[in-house]
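Colleague: I have a model open on my screen and would like some help in reading it. Could we go through it together?

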Amino acid sequence: MTAEQIDAFDQMHARSIADPDRFWGEAAQGISWYKPWSKVLDDSTAPFYRWFVGSELNTCYNAVDRHVEAGCGDQAAIIYDSPLTGTVQTITYSELQASVARFAGALRLRGVAKGDRVLVYMPMIPQTVIAMLACARLGAVHSVVFGGFAPNELATRIDDAKPKVIVSASCGIEPNRIVRYKPMLDCAIEQAKHKPDSVIVYQRSQERASLVEDRDVDWEQAVASAQPAACVPVKGTDPLYILYTSGTTGEPKGVVRDNAGHAVALRWTMEHFYDVQPGEVFWAASDVGWVVGHSYIVYGPLLAGCTTVVFEGKPVGTPDAGTFWRIVEQHKVTTLFTAPTAFRAIKREDPQGQHIGKYDLSHLRALFLAGERSDPDTLQWAEQKLQVPVIDHWWQTETGWVVAGNPLGTHLFPVKYGSATRPMPGWDVQVLDSEQDVVARGKIGVLCIKLPLPPGALVTLWNADLRFQNSYLRAYPGYYESGDAGFIDEEGYVHVMTRTDDIINVAGHRLSTGAIEEVLASHCDVAECAVIGVADQIKGQVPLGLLCLKAGVNRSHEEIIKEIVQLVRENIGPVADFKRAVVVNRLPKTRSGKILRGTMQKIADGQEWKMPATIDDPGSLPEIGAALRTAGYALNTTFVTSSE
Ligand code: COA
Ligand code: AMP
């Protein structure tokens, strides 16, 4: 790439920061508006910023109806590919429009109007996308909850979002079992203080759920009795959705996304970042329950008039490590987006790439990875086997779209393994130290983003403006604190190293170790506990519990651990992937009583570790090492004598 091209990108980035009104005002031309904005960026209530104030639009109109009106009704909007059920189904934009309008009518019949919340607890089927778009059509706010969460987590979200209606399915399908959603939902509604007026249930052929009289209705019946609903104009600043993500406590944070900023930013990324054109097939192999699913299974591709793939399966085992490549060939996927963990799983099953060789991947132009750090081994393996650019990019539930990446649609920078590449337009990324000063290039600190955040980023937390400020804006005034540490090198490449809080990343999903600890501590035999994230070859990290039992407990440790594993599964859900724990005599702490989780993690992972100067009892850490070795961890750990 030439110096002029780099210059052009730098200028674009500089323009987006210096003159956001102009930059995003231009980007907004890609969206249809009922009413134009009076102001692109409103900073009058900083640190709360609002985009496209005074505007009116409808996100569903932009994602669906607009393409039908433009003559693309026969183009595939969704390809549903489920190796788990042996189904491949194509839904055109016209068909999608009809289904969404009908389902929006069904919601409206149940009293859903602009601003009402609708909770969606569903598997990876097209009806989930239809339900989300139907909410957007009415100006209702959807809150999608990932299927792997337990009733307790669902109940917390019901109480926070207070949905008028819940949309669910009879079941989800995992390779080894049918996941019965409806009994879990019933249990969650029973636990929750807030009760929805109605529940709409999509009955799948694999499992029929029983319905509660006067509250539940079968999806088919609900749409049969409904009239199609038209798109309702909403304010650009009105909320489109709430998406809960792990906080540092057991209470999840409801990230709120608006309509206008979200539509403008996502539409912009499809062309300028992912390099995708209308009509092309974009596949984000994730789940609609995560932010990647919201942004790039549903909204991004549809706003851009692409075809999106809704995949119900796993990268391996459904039926084999060639599934991704079968789908790429069969549906002529141009752009694939997934988490590194999926590639680690494929690489382990098919190190030579024999499955890859069996398929025609000539349509595939690029692979994008996000959700966790891309390890260079996996990234290089993918580059070598696929022979297309493999692009790591850094973002979060909160940011909604890429903060730092390699913008294939604008300029492809040389790849530096281990770096997410450059900050994208709109994102003024800075590295700060504990004194709140910007550090020199190459020095590690906290990755922060200078306010305002660009369109499409979170605008607040649901019903929790103060928590939003305390969580993200308080520690570094004038900045958004990302919760990630890292550095920016001399060439402006962003390197994301680790979280600065108790969040761990398991198979590309974010989990709070604090939330797991709360469950462990509730077991009657546990006096004290800690949860750390230990390295895992496939999932990046997995949680491991360290348990101190109450005096006098003399039951088998194995039995207690089994109960605790079950307790986490029941309280948080299988998604926590909590399967490992060891019993220890005591936990290492500082003199002020802080548990030394970071040092324990280093010991567990066999990294070099130092005795913290503030440790209360230096004998406690070697004890932890010994206990961890019994569970197969801390095998090659090196103790470095000087203190941290
Ligand atoms: N509903 C109910 N249970 C679910 C679920 C859902 N939607 N999704 C996952 N689970 C369950 C799994 O069955 C598993 O349960 P188990 O402990 O009984 O086996 C548990 O939650 C953990 O799931 P997962 O982390 O997905 O592990 P896995 O072993 O099933 O699959 C991978 C491993 C690597 C194949 C898988 O994590 C994967 O495909 N990851 C892709 C990355 C991704 O989608 N990231 C999202 C952000 S981009
Ligand atoms: P989530 O909100 O679940 O998408 O998780 C966001 C977190 O995942 C970030 O704060 C990072 O810790 C991590 N993450 C996401 N993408 C990357 C990446 N490309 N490189 C390093 N870490 C990443």
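Modeller: Happily; we will look at a sheet, then the ligand site, then a record annotation, keeping in mind that this is a predicted model.

Colleague: In what order do the strands of the open four-stranded sheet lie?

Modeller: A sheet is read from one strand to its neighbour. Here the order is E23-E24-E26-E27, and the pairing is antiparallel. Strands E23 (429-432) and E27 (494-499) each have a single partner, so one side of each lacks a neighbour in the sheet. From one strand to the next, the twist averages 50°.

Colleague: How many bridges join strand E26 to E27?

Modeller: Five bridges link E26, residues 479-488, to E27. Within this pairing, Ala-485 is opposite Thr-498 of E27.

Colleague: Now the ligand. Which residues around ligand 1 come nearest?

Modeller: Begin with the shell, then look at individual atoms. Out of 24 residues around ligand 1, the nearest are Glu-174, Lys-314, Lys-539, Arg-569 and Lys-579. By class, the shell holds twelve nonpolar, six polar and six charged residues.

Colleague: What polar contacts should I look at?

Modeller: Try two oxygen contacts: a ligand oxygen is 2.5 Å from a side-chain N or O atom of Glu-174, and a polar side-chain atom of Arg-569 is 2.9 Å from an oxygen of ligand 1. The protein covers 85% of the 930 Å² of accessible area that ligand 1 has on its own.

Colleague: Which residues does the "AMP-binding enzyme C-terminal" annotation cover?

Modeller: The unreviewed UniProt entry annotates that domain at residues 516-594. In the model, this span is 27% helix and 32% strand, with its end C-alpha atoms 17 Å apart.

Key. Residues are numbered from 1 along each chain as its sequence is written. Chains are lettered from A and ligands numbered from 1 in the order in which they are written. This is a predicted model: local features need pLDDT of at least 70, side-chain atom pairs count only at pLDDT 80 or more; totals for chains, interfaces and linings use all residues. Side-chain values use heavy atoms; hydrogens and water are left out. Two strands pair if DSSP finds at least two bridges between them. Helices (H or I, at least four residues) and strands (E, at least two) are DSSP runs, numbered from the N terminus. Axes are lines fitted to C-alpha atoms, for helices over the stretch in contact, and angles run from 0 to 180 degrees between N-to-C directions. UniProt positions are given in the numbering used here, feature names are shortened, and annotations may be inferred rather than shown by experiment. A residue is near a molecule or strand if one of its heavy atoms lies within 4 Å of it. A polar contact is a pair of N or O atoms within 3.5 Å; within protein, one must be able to donate a hydrogen and the other to accept it, and residues adjacent in sequence count only if both atoms are side-chain atoms. Accessible areas come from the Shrake-Rupley method with a 1.4 Å probe; for residues, only the protein chains shown count as cover. Ala, Val, Leu, Ile, Met, Phe, Trp, Tyr, Cys and Pro count as nonpolar, Asp, Glu, Lys and Arg as charged, and the others, Gly among them, as polar.
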